[in-house]
Amino acid sequence: MAMDAGEIERLIKQGIPDAQVAIEDLRGDGDHYAATVVSASFAGKTRVRQHQMVYQALKGRMGEQLHALALQTSAPAA
Amino acid sequence: MTNNPVIQRIQQDISGNDVVLYMKGTPVFPQCGFSAAVVQVLSELGVKFKGIDVLTDPSLRQGIKEFSSWPTIPQLYVKGEFVGGCDIVREMYSSGELRELLQTRGVNTQAA
């Protein structure tokens, strides 16, 4: 099963409204993506917590419909 | 505490071993590129770890995801604490944070 990049971006922004999201389809197969997510809500949180917030926004699709999403998260530079 | 036998087993494994990697396949024969990448990082750091293959047990494969609220495998635990999946482990390795974390927790690493 695969997911559209636009759908991933939409879900992340729905869950984390201020997020800046950049998505790259790594293999062009709609199944292996890399996402960079920048949000002020990540400030002061551990990487595990930041990634959990993104997974939460994806509402259980990660690991199911979406096999691989390489994540890089950060808070905006002050 | 929990009565769920899978969760109990996870708790035993991560408290009884300094470094535990839940992975697809075994350290010698990883079955997934992401698991293989974490095995490689741990080998480069010269860290002894226990690899647990989730592919041999569907209840464990599901249970570990619920245990950590983390949807993917691999998952790395150091001294009972969830450190992260493949992306985080690789990022922490390149920044030197992973070696620092292991040393702070008293886990032996070999000088590279």
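How many bridges join β1(A) to strand β2 of chain A, and do the two run parallel or antiparallel? In this predicted model, the count comes to 6 bridges, and the two strands run antiparallel. Strand β2 of chain A covers residues 32–38. To pick out one spot along this pairing, Ala22(A) has Thr36(A) as its bridge partner in β2(A).

Zooming out a little, these strands belong to an open sheet of 3 strands in chain A, laid out in the order β1-β2-β3. Pairing across the sheet is mixed. The edges are taken by β1 (20–25) and β3 (68–74) of chain A, each of which pairs on one side only. Going from one strand to the next, the twist averages 15°.

The sheet also has a helix packed on it: α2 of chain A, made up of residues 47–57. This helix touches β2 and β3 of chain A. As for how α2 is laid across the sheet, its direction makes about 125° with that of β3(A).

Next comes the meeting of the two chains. Here 10 residues of chain A are in contact with 9 residues of chain B. On the chain A side, the elements giving two or more residues are α2 and β3, so named already as partners in the packing of helix on sheet. The top contributor is α2(A), which gives 5 residues to the side that touches chain B. In terms of character, the chain A side splits into 5 nonpolar residues, 4 polar ones and 1 charged.

Conventions:
Residues numbered from 1 in each chain as written. Chains lettered and ligands numbered in written order. Predicted model: local features only at pLDDT ≥ 70, side-chain atom pairs only at ≥ 80, totals over all residues. Pairing = 2+ DSSP bridges. Helix = DSSP H or I, 4+ residues; strand = E, 2+ residues; numbered from the N terminus. Axes fitted to C-alpha atoms, helices over the stretch in contact; angles between N-to-C directions. Contact = placed C-beta atoms within 7 Å. Nonpolar A, V, L, I, M, F, W, Y, C, P; charged D, E, K, R; others polar.
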